[in-house]
Amino acid sequence: MCATKSEPPPMESTAPSSPPLPRSSEEEKEPAEADIDKDVLCPICMQIIKDAFTTACGHSFCYTCISIHLRNKSDCPCCSRYLSNNHIFPNFLLNKLLKKISARQSARNASPVEHFRQTILQGCEVSTKELDSLLSLLVDKKRRMEQSEAEMNMQILLDFLNCLRKKKLEELNQIKTDLQYIKEDTTAVKKRTMELYTAKKRCSRNLRMLVDDSFAAKTLPSLVDQHNNGTISGGCNSQGWIGSASSQRKVNLKDQGSSQGFRSKDAYDGSDSAYDTNSGVAVARKRRIHAQFNDLQECYLQKRQRWTKQFSKQEDKGPNVMDIDGYNPGLEDFQSVLSNFTRYSRLRVIAELRHGDIFHTANIVSSIEFDRDDEMFAIAGVSRRIKVFEFSSIVNEPADVHCPIVELSTRSKLSCLSWNKYTKNHIASCDYDGIVTVWDITTRQSLMEYEEHEKRAWSIDFCRTDPSRLVSGSDDCKVKVWCTKQEASVLDINLKANVCSVKYNPGSSVHVAVGTADHQIHYYDLRNISKPLYVFGGHKKAVSYVKFLSNHELASASTDNTLRLWDVKENSLLRTFRGHKNERNFVGLTANSDYIACGSETNEVFVYQKAISKPAAWYSFGSDMANVDEDAGSYFISAVCWKSDSQTMLSANSQGTIKALVLAA
């Protein structure tokens, strides 16, 4: 009896402990399957083995993986034993195991809906009452989901409308601000116009009075002399004749005075004919405004807003210019842009030079540069010659053939020229062999020759503030700074891409801009070359040229068909210029304080006003090539250069034709 009573306690103690057994087995199954997954990975592709094959040494692989391996090698990827296609066999057991693992993983990853669908498809017995309950749950779930989705859609729509309202209010406030600018400037312009009109009337009146006084001063003494002569010759008996003669002279004086008065009015008060002549120019300039209205509008608002921000920063320091005379400097700045942009609409040829050599068919001009005083210009290119011409003789003495005043021969094709900004007769060149040379055109001898570049040197530039310094860039990914007093480079900058162009900042001897083939412009302070001061990115292809407009404005050209204008002080992009075509060749770039000019692969020269993104004027070399036998479409502009402080420029194309162009109305 005691024995039988003592048996139940173990049964009771084991009964509660039996349910956790399945849980522990489930917990142990996942690591086991994880271990199996690791074991069934192919050692070659590291994925679960597909179509398993086993080697004679006992390792398993995907059939595809081991087959590819044995095409190149004859060993086992795991143990390096000799192995060939005759030593691999299908592993049916592993394939069966892998199918089970794959099915189990698919079932584990299936959604509850998929499980339910599979259960129904497998013919699970379900009563009508259970189906009604499930349908009720599904309908309720569907209703809640639809309601939730509708609420979410309404919330999204409301957020969109609120965002749109906020944006439109911001635009409205900006439009109100812009309208206020326009109202203020309209008032200021009308006031200035009235002042100019009043000043013009006052000037005309003063000039009329001056002319009348001058005429009277010259006429009256002559009349007095004539009167005295008449009384002496006529005597006392001719008194009546004297009176009639003086009356006749008075009438003539009146007529002359009135006619002179009409002439002075026409000359100084303006005439209808003069107005008609000026109205034609005004109409043409207005037409240019409407053609580029969007760009001009953007320019006006940018300048107005920028000056307004400056005023707001300085309002505590004292009265600003706008408060003194009512004429905002931003408006004055834009007026200058508008005047420059509408003044010119085309490029006119004033001279043409053909420097082609019958002994050298290659005439591509790679570089054109004016000297310090704009009296001479030098050209260089693939003809291996530097030719110097006198600009005035080219313009004033038209001829079929112009001979250079200086000609220098080099060993290699030339890439770039740069005149010394201080010593008039010194010019530097770089060539396809990477040689940098400083020449004296007076003695026609080289002063210095540097051969440190390992590949073609693309660009060279003399420093404006330190004329003994010059910088060069090359395909060897190096920028080198030279001193004409030393026989080796004084500074090296190593970059990661080919250097296409280098340029000193005109107001500094330590700041250099570098255009590279990695689509970027690197702006360096030579006192710390460990990293660039700024990196300007945005071009989509190689940067072929960099040129400064001023101490803080930098223009860049790229083979992505664009020019870009940067502010090197603010590290920002100011404007992008489009209109020319440049995808393969170096087509030249030049800039002055207001205009940027470049060539095009359509054999055209394009000029951009720096505040407007579209061309202000252009000229086609192709229009003068009707008699050329070769395909004119293959020519392109290869070099351009502005004459300092002038609207005149030089341009050359790949045929070797050089033209002097001037901006015209």
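Visitor: Where is the place of Cys500?
Guide: Cys500 is in strand β17. Strands (E, at least two residues) and helices (H or I, at least four) are DSSP runs, numbered from the N terminus. This is a predicted model, in which local features need pLDDT of at least 70 and side-chain atom pairs count only at pLDDT 80 or more, while totals for chains, interfaces and linings use all residues. Residues are numbered from 1 along each chain as its sequence is written, and side-chain values use heavy atoms, with hydrogens and water left out.

Visitor: Why is Cys500 called buried?
Guide: Buried means under 20% relative accessible area, exposed means over 50%, and partly exposed lies in between (1.4 Å probe, protein chains only). The value for Cys500 is 9%, so Cys500 is buried. Its C-alpha atom is separated by 9.0 Å from that of Val546, 46 residues apart along the chain.

Visitor: What makes Asp295 count as buried?
Guide: Asp295 has 13% relative accessibility, which puts it in the buried class. Asp295 belongs to helix α10. Between Asp295 and Ser613 there are 6.9 Å in space, C-alpha to C-alpha, and 318 residues in sequence.

Visitor: Which residues form the nonpolar patch on the surface?
Guide: The patch consists of Phe116, Ile120, Leu131, Leu134 and Leu137, with about 420 Å² of accessible area together. The elements that give two or more residues to it are α6 (112-121) and α7 (128-234). The larger share comes from α7, with three residues.

Visitor: What makes Ile120 partly exposed?
Guide: Ile120, in helix α6, has a relative accessible area of 39%, so it falls in the partly exposed class. A patch takes residues with over 30% relative accessible area and no salt bridge, joining nonpolar side chains (Val, Leu, Ile, Met, Phe, Trp, Tyr) within 5 Å and like charges within 9 Å. The 39% of Ile120 is over 30%, so Ile120 meets the area condition for a patch. Accessible areas come from the Shrake-Rupley method with a 1.4 Å probe, and for residues only the protein chains shown count as cover.

Visitor: What makes Arg306 and Asp333 a salt bridge?
Guide: A salt bridge is a side-chain nitrogen of Lys or Arg within 4 Å of a carboxyl oxygen of Asp or Glu. The closest N and O atoms of Arg306 and Asp333 are 3.4 Å apart, so the pair counts as a salt bridge. This pair links distant parts of the chain, 27 residues apart: Arg306 is in helix α10 (residues 293-314) and Asp333 in helix α12 (residues 329-343). Arg306 is partly exposed at 38% relative accessibility, and Asp333 is partly exposed at 24%.

Visitor: How many salt bridges does the rule count?
Guide: The count comes to 22 salt bridges. One of them joins Arg372 and Asp373 at 3.0 Å, N to O. Arg372 is partly exposed with 40%, and Asp373 is partly exposed with 37%.

Visitor: How far apart are the closest N and O atoms of Glu451 and Arg411?
Guide: They are 3.7 Å apart, and the two residues form a salt bridge. Along the chain the partners are 40 residues apart, with Glu451 in the loop between β12 (445-450) and β13, and Arg411 in the loop between β8 (406-409) and β9. Both Glu451 and Arg411 are exposed. In addition, Asp371, Arg372, Asp373, Glu375 and Lys424 are joined into one network by salt bridges that share partners.

Visitor: Why does Asn603 count as buried?
Guide: Asn603 has 1% relative accessibility, so the buried class applies. Asn603 is placed in the loop between β26 (595-599) and β27 (604-609). Its phi is near 65 degrees, a positive value in a residue other than glycine. Asp51, also not a glycine, has a positive phi of about 55 degrees. Asp51 lies in the loop between α3 (20-39) and β1 (52-55) and is partly exposed, with 44% relative accessible area.

Visitor: How much space lies in the largest pocket?
Guide: The largest pocket holds about 850 Å³. It is lined by 37 residues, of which Arg464, Phe548, Ala591, Trp642 and Ser644 are the closest to its centre. Among the elements that give two or more residues to the lining are β5 (365-370), β17 (499-504) and β29 (637-642). By class, the lining has 15 nonpolar, ten polar and twelve charged residues.

Visitor: What is a pocket here?
Guide: On a 1 Å grid over the protein atoms alone, a pocket is an open set of points where a 1.4 Å probe fits, with protein on both sides within 12 Å along at least five of seven lines; lining residues have an atom within 4 Å of a point.

Technical notes: Grid points are joined across faces, edges and corners, and a volume is the space filled by probe spheres set on the points. Ala, Val, Leu, Ile, Met, Phe, Trp, Tyr, Cys and Pro count as nonpolar, Asp, Glu, Lys and Arg as charged, and the others, Gly among them, as polar.
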